[in-house]
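Q: Could you walk me through this structure, please?

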Amino acid sequence: MSKHKQVSKQTKTSIVDAIYKKTDHMLKDIHSISDLFFSEMFEALQRGETIEIRGFGTFSVQFRKGRKGMRNPKTGELVNTTDHSVVVFRPGKILSAAVHPIVGEKVPNAKK
């Protein structure tokens with residue numbers, strides 16, 4: 001049994017369901033709009049564009065140089081990485097301030 005508290009998770013479906021319960025729109029319309037929203041974000045990031053959602057945060061694409069002699073942490077095998085791009089999220093001031101008071105929660109996979 002894990003010593004850490006189970007962190008709850010939201011999925012796209014659970015968010016769509018929550019919006020459905022708070023509005024009088026049809027569920028299929030909410031699904032369509034959310035799919036279009038994420039599709040637009042996906043395509044913009046593929047083009048290398050930055051997405052800024054005021055108060056929430058900014059998504060951008062950053063270039064990472066390949067590195068030689070890296071070690072696979074699972075196998076210990078030496079591997080080389082190639083040049084690649086990664087998506088980066090920087091939270092906005094409002095989001096950062098909203099989650100700042102959360103105390104005692106361990107966030108999985110958080111950098112130390």
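The turns below cover the sheet, one helix and the aromatic pairs.

Q: What kind of model is this?
A: The model is predicted: local features need pLDDT of at least 70, side-chain atom pairs count only at pLDDT 80 or more, and totals for chains, interfaces and linings use all residues. Residues are numbered from 1 along each chain as its sequence is written, and side-chain values use heavy atoms, with hydrogens and water left out.

Q: In what order do the strands of the sheet come?
A: The open sheet has 3 strands in the order S1-S2-S5, with antiparallel pairing. Strands are DSSP runs of E with at least two residues, helices are runs of H or I with at least four, and both are numbered from the N terminus. Two strands pair if DSSP finds at least two bridges between them.

Q: Which strands are at the edges?
A: Strand S1 (51-53) and strand S5 (84-91) are the edge strands, as each pairs on one side only.

Q: And how many bridges join S2 to S5?
A: Strand S2 (residues 57-64) is joined to S5 by 8 bridges. Ser60 stands opposite Val88 in S5.

Q: Switching to H2, which of its residues are buried?
A: Ile30, Ser34, Met41, Ala44 and Leu45 are buried in H2. Buried means under 20% relative accessible area, exposed over 50%, and partly exposed in between, with a 1.4 Å probe and protein chains only.

Q: What do those buried residues pack against?
A: The buried residues of H2 pack against helix H1 (12-22), S1, S2 and S5.

Q: What is on the face turned away?
A: That face of H2 carries the exposed residues Lys28, Leu36, Phe42 and Gln46.

Q: Which residues does Ser34 touch?
A: Leaving aside residues up to four places away in sequence, Ser34 touches Lys12 and Val16. Contact means heavy atoms within 4.5 Å. The relative accessible area of Ser34 is 12%.

Q: New topic: how many aromatic pairs are there?
A: The count comes to 3 aromatic pairs. Rings of Phe, Tyr and Trp (its six-membered ring) pair if their centres lie within 6.5 Å; planes under 30 degrees apart count as stacked, over 60 as edge-to-face and the rest as tilted. The rings of Phe37 and Phe38 have centres 5.4 Å apart and planes at 80°, so this pair is edge-to-face.

Q: Which residues form the aromatic cluster?
A: Phe56, Phe59 and Phe89 form one aromatic cluster.
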